[in-house]
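This report describes the fold, the core and the side-chain pairings of one protein chain. The reader is invited to keep the model in view while reading.

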Amino acid sequence: MEIIVFLSVVIAVGAVLTSIVLVRRVKKQIAEMTDVLVDVKNGNGNRRILSATNELTAPLAYEINEIVVAYESRLSTVRQTEETNRQLMTSLSHDVRTPLTTLIGYLDAAHKGLVTGKDRDDYIETARRKAHDLKEYIDVLFDWFKLNSNEFALEIQSVEAAELTRNILIDWIPIFEDKQVEYDIDIPEHPVRVRLDMDSYMRIVNNLIQNVIAHSHADKIKIALSKKENNMELLLADNGVGIEKEDFLGLSIVHQLVEKMGGSITVESLPGEGTEFMLLFPLES
């Protein structure tokens, strides 16, 4: 009996000591978790909680680590957006102020009588063109902000892209001929079905072609639509001067629209040699 009592006491003491060690270990791990969370709160998103799989706090540690990773990912997205907005506002302050100052200069000269006759008419016409250019830039800026808001939504539907692209280009052919731009259009007769927002797709194609007409000074343009593996491929190339810095904002809208429809876009541009856009959209299953 005494042996049994002794063993019971030993076991009880062992259990108490084990519990004390375990509690201390858990307290230490909780303190480490608290330290990590405080560090993350102060901006260090690289901190993680280390825990062996057999420890009591392991599930909690892993869950906290996943939350920290998700938090850091969202924070990174916010930072990228803030940096993009900062760059945009810097560009805006220059790209709007310069033409606006020039526009005011022409109008002031005409208003104050510094120029008369045909020169005055030329000044007013120049001011009118610059006002339209400025409005176009503001419209692009507005669209850019709208695309990045929660209010923007696409209406994705099954579209026969070959016929849609053909219809878009029909309206551009007279402009190509008027501007003496040689065009090479290659669109298959067979259907090419993809899931797109029709208005956004039309806007992408029109935007890219308008960029060629207004800025590239090209006299040749090639537009080709084809199937490539599981994608529809749309090529638009010209032999113009390349993409200028002031055109990046408008093209960023094209990039966003393409991505929102599940596609991708790449561009290769060499100064004085031309620009080539390649758009890919997944074919409908």
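In this predicted model, Y183 is partly exposed, with a relative accessible area of 32%. F176, in contrast, has a relative accessibility of 0% and counts as buried. The rings of F176 and Y183 nevertheless form an aromatic pair. A pair of aromatic rings is described by the distance of the centres and the angle of the planes. For F176 and Y183 the centres are 5.7 Å apart and the planes make an angle of 35°, an arrangement described as tilted. These two residues, together with W172, make up one aromatic cluster.

The structure holds 4 aromatic pairs. Another of them is formed by Y201 and F281, which meet edge-to-face, with 6.1 Å from centre to centre and 70° between the planes. This pair links distant parts of the chain: Y201 belongs to helix α6 and F281 to strand β7, 80 residues apart. Y201 and F281 are both buried.

**The core and the overall fold**

The protein has 7 helices and 7 strands. Read from the N terminus, the order of these elements is α-α-α-β-α-α-β-β-α-β-β-α-β-β. Of its 285 residues, 31% count as buried. Among contacts with a separation of 6 or more, 69% are between residues 24 or more positions apart.

The largest nonpolar core contains 37 residues, and those with the most contacts inside it are Y201, I204, M232, L279 and F281. Elements giving two or more residues to this core include α4 (161–170), α6 (198–216), β5 (231–238) and β7 (274–282). The largest share, 6 residues, comes from α6. The surroundings of F281 illustrate this packing. Leaving out residues up to four places away in sequence, F281 touches V194, L196, Y201, I204 and M232, among others.

**A buried charge**

What is the nearest side chain of opposite charge to D197, and how far away is it? The residue in question is R203, at 8.3 Å. D197 is buried and has no salt bridge, since such a bridge requires the nitrogen and oxygen to lie within 4 Å. D197 is located in the loop between β3 and α6. The side chain of D197 reaches the backbone nitrogen of E155 at 2.7 Å. Apart from neighbours within four places in sequence, D197 is in contact with L154, E155, I156 and M261.

**Salt bridges**

A search of the whole structure finds 8 salt bridges. Three of them are listed below.

| Salt bridge | Closest N to O distance |
|---|---|
| D122 and K118 | 3.0 Å |
| R193 and E284 | 3.6 Å |
| K228 and E233 | 3.7 Å |

D122 and K118 are separated by about one helical turn, because they are 4 residues apart in helix α3 (residues 117–147). D122 is partly exposed, at 34% relative accessibility, whereas K118, at 60%, is exposed.

The bridge between R193 and E284 links distant parts of the chain: R193 is in strand β3 and E284 in the segment after β7, 91 residues apart. R193 has a relative accessible area of 37% and is partly exposed; E284 is also partly exposed, at 30%.

In the third bridge, K228 is partly exposed, with a relative accessible area of 46%, while E233 is buried, at 14%. Finally, E125, R128 and R129 are linked in a network of salt bridges.

Key. Residues numbered from 1 in each chain as written. Heavy atoms only, no water. Core = buried A, V, L, I, M, F, W, Y, C linked by side-chain atoms within 4.5 Å. Buried < 20%, exposed > 50% of the residue type's maximum accessible area, 1.4 Å probe, protein only. Contact = heavy atoms within 4.5 Å. Lys, Arg positive; Asp, Glu negative; His and termini not counted. Polar contact = N/O pair within 3.5 Å; in protein donor to acceptor, adjacent residues only side chain to side chain. Phe/Tyr/Trp six-rings, centres within 6.5 Å; stacked < 30°, edge-to-face > 60°.
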